[in-house]
Amino acid sequence: FLSNLINNFQGDYDNYHQTRSDRLLGLTPGEGGGHEHIHATIMHISNPKTSTSKKLIEIDGSFSFKNKMLAAYYFDGMPNRIFRFRMYEF
């Protein structure tokens, strides 16, 4: 199950079409009943081979990249508008 989740639950997810449909119906975010345009980029963290990553592992010897994923959530399809950045571990 876990390997299936890691392999399939990564990529880019966007609700642009949902928000476009809302606007065509006159719905706006918040109290207007519409959705905000949110984009998520989710990726599995693999074991790195760079010296920077080795330093991170040396600082905390217990750090492992196994079963970890990073997710960045941002507004309006613009990566410079991140409102949430998370690391998930399972």
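This passage looks at the overall build of the protein chain and then at the surroundings of Gln-10. The model examined here is predicted.

The protein chain contains three helices and four strands. Followed along the sequence, these elements come in the order α-β-α-β-α-β-β. The chain has 90 residues, of which 22% are buried. Its exposed surface comes to about 6700 Å², and carbon and sulfur atoms contribute 55% of that area. Contacts across the sequence are also well represented: among those with a separation of 6 or more, 48% join residues 24 or more positions apart.

Gln-10 offers a handy place to look at such contacts in detail. This residue sits in the loop that links helix 1 (2-8) to strand 1 (11-14). Is Gln-10 buried or exposed? Its relative accessible area is 33%, and because this value falls between the 20% limit for buried residues and the 50% limit for exposed ones, Gln-10 counts as partly exposed.

Which residues does Gln-10 touch, once those up to four places away in sequence are set aside? The partners are Ile-42, Met-43, His-44 and Met-69. For His-44, the geometry can be described further. His-44 lies 34 residues from Gln-10 along the chain, yet the C-alpha atoms of the two are separated by 6.8 Å. A polar atom of the Gln-10 side chain is found 3.0 Å from the backbone nitrogen of His-44. The loop residue Gln-10 thus pairs its partial exposure with a side-chain polar contact to the backbone of His-44.

Key:
Residues numbered from 1 in each chain as written. Predicted model: local features only at pLDDT ≥ 70, side-chain atom pairs only at ≥ 80, totals over all residues. Heavy atoms only, no water. Helix = DSSP H or I, 4+ residues; strand = E, 2+ residues; numbered from the N terminus. Buried < 20%, exposed > 50% of the residue type's maximum accessible area, 1.4 Å probe, protein only. Contact = heavy atoms within 4.5 Å. Areas by Shrake-Rupley, 256 points an atom, 1.4 Å probe, with all protein chains shown as cover. Polar contact = N/O pair within 3.5 Å; in protein donor to acceptor, adjacent residues only side chain to side chain.
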